[in-house]
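Hi everyone, thanks for coming. I'll put the structure up on the screen, and then we'll walk through a few spots in it together.

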Amino acid sequence: MKIIVKLIGPLIYEGGFSEKVLALPGPVTAGKLSALVNIDKKRPTIITRNGKAVTPDDMLENGDRVVISHIYSGG
Amino acid sequence: MKGWTGNILRVNLTNKTYKKESFNEEFATTWIGGRGFAVKILYDELKPGIDPLGPENKLVVALGPISGIPAPNTGKAVVAAKSPLTGFYGDGNLGSRISEQLRKAGYDALIVEGKAVKPTLLYIEDDKVEFLSAEEVWGKGTYATNDWIYAKYGKGAGVLNIGQGGENLVRYAVVRSLEGRAGGRPGMGAVMGSKLLKAIVVKGTKPIPQANPEAMRALGIGDLKTVHEMDKKSGWTKQSTNAVLAWCNEVAGLPVQNFRKTSHTEAWKIDGERLNDARVATYGCPSCTMKCGITIHDKEGRESELDYENVGLLGSNLNIFELNQVGSLNYLCDEYGLDTMSAGCTLSFYADAIEHGATEGDFKFGDAERAKELLRLAAHREGKVGNLLAEGSLRMAREFGHNSEAYAMQVKGLEVAAYNCKFIPGQALSFGVAAIGAHHREAWIISFELKNTTRESFGPEKAAKVIELQRIRGGMFETLVSCRFPWIEEGWSLENYPKYFNTVTGLNWTLDDMWKVADRIYAMIKLHYIREFPQATRKGDYPPAVWFDPSNSDTEGPIAGKCLDLDKYDKMLQHYYDQRGYDNRGIPTRSLLGKLGLSKEASAVEKYAKLN
């Protein structure tokens, strides 16, 4: 299945991409997808799927848009 | 008493007089400094009902016990007065060497009273105070004024100045510093302009009293390096605050077209990646460890320093998705000394009101060239349109009628920051109950709200988070006075701040002690509010009505068909009041005020509104 992954802010430079389509062999959770991306896992992140926050255990579906961001606090 | 100079400089522009006044340890530890000092001074010294643009108003510049001390991001100052935009206490902070220089001159605060006869530069050098002519730069923008000041006094001076917006009493005119920073959103620049005070320049040579200067120096210098290293590692400053734009666009939280929409397909053109790519320089405040001011060339080729709030409100909120055009609008706001956020919301309201037939005009969303001209008209109060725009969105709505107040994006008269709360209840609450009107500075809970709660919830956990953040952001950081970015963006522990405070004062405070002062300050600002607006109800703590309007709901995306629910919002507001110890009107109870040490103030305010 195909998942669109978008990284936010400094994660772009850490992960080496801003947005890309990941082709995955089978069902995957948000947490597992996040682990596939090369970012600092120690820092808390917020993951959204199609604009809604998800937990690491939530299953993703083909065509989902997943956005990974650090937790910011605005300006 | 260590950690404070123990002195306030009081200057009267009418009489060209000044005097040094001392304060004691009780005052210092009750209010800490910065916003705390300003809240107390203005409450005691201003009569309710005065014209904020009259000579009776007073401008307070206040610093905290770690201002000017080498430690992470301590180069900030608070400016405060009765606000010409909201009609009650208003303030803001900005990066300026005045944080260090005023303390070195021997003062923790400056009170400016009266009104000068001619445009004036107030010059303070240790014990010397001079009232100098600023006629040469009256009518000029902040960049030219800064150049003039720089040539006279050098880069090391602490400077506050205003542009044409402040001179012409635009109600959202800000104060600017030599470092290019701006502060005082609710019209602190207009208060300076009303006093014909073009600039304040300060130089000091005295040591800042500290309980343990050697320990503080070792601690502060070490921490400056540590936070700088943390930032280098995290890469936050690659996009700085504008990293949030792409995220807001993804989660339906971006202001687009006067907050009518929550995302836009062209938002990527003005996001943090594009800003970083266009960067030509980077600026920061004094003592900064993580310089957030990303500067680009604007459409006209001038340097313009952008952050998320001005990109969101002068960009997407006006349907302008050319970064260099957003840079031009931002440059003009800085040059004229206008608050970029209120300016953006005021322009977007104007376009919306025209589109909805509430008024006639030739401004449309997306028209950057006309927006530039409108900013010029507003800053100079030129013509009918310029005078209208100079008043801010609430007053314009009252002038236009046709129910346009529903989409004037403000709370208590202060325009909202760049987070579209069409369906973000907790952040909407944080705007509703922000002490001085809608401001992101006091509580920003969106990521907490989405990650740790359900977005649909209007529960007490959101009210609790707002209070927690108000204590930290609107309380501790505004009194010490220090920038919150090391904590919020890099995870620098909050425990460092009582440590700095204790090292300079010799006291032994905890974060809980800081929260008590913060609660006192929030209660005191409420007292400012109710003595100016004794008939005010809890509706004053509601966000803009358009966020409750189902017909304004998104038609697609993650919050399609949803909007805030008024009854549920009102219940969440009650949670906030209950947790704060306020009554059903949102007014602190007599019992709470007693516990906060404000019994005297409680008795005084009962002349205006009866307390429960």
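So, Gly366 of chain B: if we skip the neighbours within four places in sequence, which residues is Gly366(B) in contact with? They are Asn319(B) and Ile320(B). Keep in mind that this is a predicted model. Where does Gly366(B) sit? Look at the loop between helix H12 (340-355) and helix H13 (368-380) of chain B, and you'll find Gly366(B) there.

Is Gly366(B) buried or exposed, or something in between? It has 14 other C-beta atoms within 10 Å, so we call Gly366(B) partly exposed. To be buried, a residue would need 20 or more of those atoms, and to be exposed, 12 or fewer. One more thing about this glycine: its C-alpha atom is 8.7 Å from the C-alpha of Gln257(B), and those two residues are 109 places apart along the chain.

Okay, on to a pair of helices in chain B. People describe two packed helices by the angle between their axes and the distance between the axes. Here, take helix H18 (residues 460-480) and helix H21 (residues 511-532) of chain B: their axes come within 9 Å and cross at roughly 95°. That makes H18(B) roughly perpendicular to H21(B). Who actually meets whom? On the H18(B) side, the residues include Gln470(B), Arg471(B) and Met476(B), and on the H21(B) side, Trp515(B), Asp519(B) and Tyr522(B) are among them. By class, the residues of this contact come out as seven nonpolar, four polar and two charged.

Let's zoom out to the domains. The domain assignment splits chain B into domain 1 (7-203), domain 2 (235-411) and domain 3 (421-612). For domain 1 and domain 3 of chain B, the C-alpha centres are 26 Å apart. Their contact takes 34 residues from domain 1 of chain B and 29 from domain 3 of chain B. Which element gives the most on the domain 1 side? That's H2(B), with five residues. And that side of domain 1 is made up of 16 nonpolar, 13 polar and five charged residues.

Last stop, the two chains. How many residues of chain A are in contact with chain B? There are 21, and they touch 27 residues of chain B. On the chain A side, helix H1 (11-15) and strands E3 (45-49), E4 (52-53) and E5 (65-70) each give two or more residues. H1(A) gives the most, with three. In terms of class, this side of chain A has nine nonpolar, nine polar and three charged residues.

Notes:
Residues numbered from 1 in each chain as written. Chains lettered and ligands numbered in written order. Predicted model: local features only at pLDDT ≥ 70, side-chain atom pairs only at ≥ 80, totals over all residues. Contact = placed C-beta atoms within 7 Å. Helix = DSSP H or I, 4+ residues; strand = E, 2+ residues; numbered from the N terminus. Nonpolar A, V, L, I, M, F, W, Y, C, P; charged D, E, K, R; others polar. Domains from an automatic or database assignment. Axes fitted to C-alpha atoms, helices over the stretch in contact; angles between N-to-C directions. Parallel < 35°, antiparallel > 145°, perpendicular 65-115°, else oblique.
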